Amino acid sequence: MYDRKYQDKTITFEASGGLLNSALVMQDRETDSYWPIMQGEAIAGEMKGTKLKEMPVAEKVQWKDWVKKHPNTLVLSVNGREDGFNPYKTYFESKEGFRGTAAKDRRLATKEPIFAFHYQGKSYAVPYKNFEGGKTFDLNGVKLFLYRPPKSEIFYSTAAFAAAGDGFKIENGKWYHVDSGCQFNPNSGSFEKGPGACPEKFHGFDTFWYNWSLSNPDTQLLR
C-alpha cells in the first residue's frame, strides 16, 4: 500500500487498465501519471521518476478468515459474483505466469511465492519456504523479522517487522523482540504485551518471483 500524499498533493489512484510484467499499473487523476505497483514510482506522466512512500498497513486474507475476525463486515459489490466461482483458480494452480509470462532470473522458479520489498534504494526478496515459523535477517544493522505459519495458504499475509538494537529471538518456540520484551502472537500477526515499545510493521509485497524480478532485476535474495 502507498501513501496518497506527495508534497502538497493528494493523489487519487485508479486502475489504468494496463499491466507491466503482468503486474498492475495504476494511474492518477491529478497528473495522469502511471505507477507500476511493483516499482513504487511513476514511469510516465508529469510525476515520472517520483517515488511513493510505502505503508505497512495492508492485509491480504481470504474472506473466510476475514469474516471470522470481523463478522459484521458489509460487502460492497458492483456486478460481483455470489456463486463462489473463483476465476483465478487455474492461475494459482499453474506453474506458469499470467498469459505465459516467465521469470528471466532463474534463481527461483517463475511462480515461487515470495515476500519482497525495497529498502535503502535496493530490492530484496525472500522465498516463503525460508521463513515459515519465523526467521530473522540482517539489513545493514537493522534486524528484519518475517513470519508465516508452516504450510500456510498463499493468501496469508506475511507478518514483517523491523527493529534496530538486538532485534529478535526465539525461546521455547515463541518469538520475542529483545529490546522491548514484546512477544509475537501468530494469531494476530503482531508483537504484544511488552514493557517497552513494540517493533513497527515493515512494508513489502506478497507476490510471485516473476512479477517482482521482471520489474526489479537487481533483486538480492535473502536466504
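In this predicted model, the side chain of K111 is placed over aromatic faces: K111 lies over the face of Y91 at 4.2 Å from the ring centre, and K111 also lies over the face of F208, at 5.0 Å from the ring centre. The two contacts are set out below.

| Charged residue | Ring | Distance from the ring centre |
|---|---|---|
| K111 | Y91 | 4.2 Å |
| K111 | F208 | 5.0 Å |

Rings also meet one another, and the structure holds 21 aromatic pairs. In one of these, F145 and F191 are arranged edge-to-face, with 5.4 Å from centre to centre and 70° between the planes. This pair links distant parts of the chain, since F145 belongs to strand β9 (residues 142-147) while F191 belongs to strand β14 (residues 190-192), 46 residues apart. F145 counts as buried because its relative accessible area is 0%, and F191 is likewise classed as buried because its relative accessibility, 8%, falls under the 20% cut-off. Both residues are also members of a cluster linked by ring pairs, in which F145 and F191 are joined with Y147, F161, F168, W175 and F184.

Turning to the strands, β3 (residues 13-20) and β4 (residues 23-28) run antiparallel and are joined by 5 bridges. Within this pairing, L19 stands opposite L24 of β4. The hairpin that β3 and β4 form has 2 residues between the strands, and N21 in this hairpin takes a positive phi near 55°.

Terms used:
Residues numbered from 1 in each chain as written. Predicted model: local features only at pLDDT ≥ 70, side-chain atom pairs only at ≥ 80, totals over all residues. Heavy atoms only, no water. Pairing = 2+ DSSP bridges. Helix = DSSP H or I, 4+ residues; strand = E, 2+ residues; numbered from the N terminus. Phe/Tyr/Trp six-rings, centres within 6.5 Å; stacked < 30°, edge-to-face > 60°. Buried < 20%, exposed > 50% of the residue type's maximum accessible area, 1.4 Å probe, protein only. Lys NZ or Arg CZ within 6 Å of the ring centre and 35° of its normal.
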